[in-house]
Amino acid sequence: MKGLPFISPTTHSEEKGGKGVGESIPQINYREILGSSLIHRRTLYKTVTERVLAHGAVAWCLEPTVRIARKLSTIQRPFLLAITGTYRTTSTAALQVRLGIPPLHLQLQREARGTALFRLRLPLSTNISDIDPSEIEEKATGWSTHPSEHLSPTQISLDDGGNINTGLRIYTDGLKTERGVGAAFCVLTDVNITHRWSTRLSLRNTVFQAEILALLKAVEHAVSLPTQQLTILVDNQASINSAANPKSHNSIARKIFKLLHSLPQIRVSWIKAHAGYIGNEEADRLAKEAAETENFPEASHELSKSFTKTFLRQKMLATWQMAWDDGDTGRLIHNIIPKVSLHPINWTRNEVLFFTGHGPFPSFLHRFNLAETSFCSCGEIGTPIPYATVCLLTTSYHMAPPSQQHQPIWFRRVANNSTSRRKIHNLLHFLQRETSLFRPDPN
């Protein structure tokens, strides 16, 4: 970590003519040093700092103790402050939710669990997941055939094959509903359907897995037919591209490639879905029937890595949400942002100062002996709401004042309204520029 300019973050104050809470430590303006926006600073943290801390996490953060969680929070906090530029008294939990950055111990635990499942093939404890590592599809590497071997350009087409209406045609489809996943194909000779196949997959399987499985079964069925020119019509371009790629990491796609390479009379073409083609509509009906029929025979199929990663992410978000709901700090921000997310909230620094209450407000500064009184020179107590609603010195930035019991709703409405947030941003800029105007005369 030595030598990285971002590794020793400190907070800074942008107030003019007044003391900031962070003035007891060296002041560093990260906007000038890094020449980057908040989004870029956040990206730098995620791609550099977090990657350094995640090294070997599977060995020590698979089940982090309370002590490790606290230590990691202590490490993460200065970076969150440096990214946002807020006062150092701001709640860590509020900074995490505002930036869409989970608590560090949860992020590292999620990655450790992924490494245990994907790389080490170790099962997680039953109270976390019932996923068996042996059920997760393994990534194929290298070439499926010699690099000189490839499919003929006439075998694979991404142009709409809806105009192909003669000869033997096989239509495939795969879909996912709330009740299940289905894969199917049907054989069409002229205008008659001569063969149907369908199967049901687990809800844990993906649409792509259903599509690629249907294509494999269609190709295998084509192999069993008498040698003749036939076309397999697929309404999913991703499965076609995967099957045509000799370096695909998908094992089923590699099987399809080898079969197609050995049988050049089989063509695969894309077709537009739900365009009224008889074969495509029948394949769609078969797949939907298989997906939604509970007693339909279910084929065992490996779980995709994407499903497992999504599962681990949802598990982490659920734990983070529980901690956010039950926490003791950041309650003002919790009222505005009750649900955690991995996407940052589009607030400026001034807006964060206003909504947290940790800003250039006499009531806040008085707590740290940085102001002689908690009152503004206008006579009102120096908290965010009076400055935005009734203070005589900030009339240009006023909004309709809320009643005492409606203050939480008022904060939420202001935070969700871009015009109101712009007023808040300008108000804070004014407060920071004219600090002495809001300090009562001691005489």
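Arg412 sits in helix α16. In this predicted model, Arg412 is partly exposed, at a relative accessible area of 29%. Beyond its neighbours within four places in sequence, Arg412 is in contact with Asn335 and Ile336. His301 is another matter. Arg412 and His301 are 111 residues apart in sequence, and their C-alpha atoms are 46 Å apart in space.

The helix that holds Arg412 also leads to the interior. α16 (407-415) is one of the helices that supply at least two residues each to the largest nonpolar core. That core has 37 residues. Trp347, Phe354, Phe355, Tyr387, Trp410, Leu427 and Leu428 have the most contacts inside it. The other helices that each give at least two residues are α5 (92-99), α11 (305-326), α12 (331-336), α13 (349-356), α14 (362-366), α15 (384-389) and α17 (418-433). The largest share, five residues, comes from α17. Domain 1 (30-136 + 314-328) and domain 3 (347-434) both give residues to this core, so the core lies between them. In soluble globular proteins, nonpolar side chains tend to be buried together.

Follow Leu427 next. Setting aside its neighbours within four places in sequence, Leu427 is in contact with Phe354, Tyr387, Ala388, Thr394 and Tyr397. Two of these names, Phe354 and Tyr387, also appear among the core residues with the most contacts.

Thr394 deserves its own look. Thr394 lies in the loop between α15 and α16. Is Thr394 buried or exposed? Thr394 is buried, because its relative accessible area is 0% and the cut-off for buried is under 20%. Outside its neighbours within four places in sequence, Thr394 is in contact with Tyr387, Leu427, Phe430, Leu431 and Phe438.

Now step back to the domains. The chain is divided into domain 1 (30-136 + 314-328), domain 2 (156-302) and domain 3 (347-434). The C-alpha centres of domain 1 and domain 3 lie 32 Å apart. Seven residues from domain 1 and 12 residues from domain 3 take part in the contact. The size of an interface is often given as the accessible area lost when the parts come together. Here domain 1 and domain 3 bury about 800 Å² between them. Carbon and sulfur atoms carry 64% of that area.

Which three residues supply the most of the area that domain 1 buries against domain 3? They are Tyr87, Thr89 and Arg98. Together they supply 64% of it, more than any other three residues. Polar links are present too. Three residue pairs are in polar contact between domain 1 and domain 3, with both residues at pLDDT 80 or more. The rule finds zero salt bridges across this interface.

Two backbone details remain. Arg121 has a positive phi of about 55°, although Arg121 is not a glycine. Arg121 lies in the loop between α6 (104-118) and β1 (156-157). Its relative accessible area is 26%, so Arg121 is partly exposed. His274 also has a positive phi, near 50°, and is a residue other than glycine. The loop between β6 (266-270) and α10 (278-292) holds His274. His274 is exposed, with a relative accessible area of 56%.

Notes
Residues numbered from 1 in each chain as written. Predicted model: local features only at pLDDT ≥ 70, side-chain atom pairs only at ≥ 80, totals over all residues. Heavy atoms only, no water. Core = buried A, V, L, I, M, F, W, Y, C linked by side-chain atoms within 4.5 Å. Buried < 20%, exposed > 50% of the residue type's maximum accessible area, 1.4 Å probe, protein only. Helix = DSSP H or I, 4+ residues; strand = E, 2+ residues; numbered from the N terminus. Domains from an automatic or database assignment. Contact = heavy atoms within 4.5 Å. Buried area = accessible area lost by both parts, 1.4 Å probe. Salt bridge = Lys/Arg side-chain N within 4 Å of Asp/Glu carboxyl O. Polar contact = N/O pair within 3.5 Å; in protein donor to acceptor, adjacent residues only side chain to side chain.
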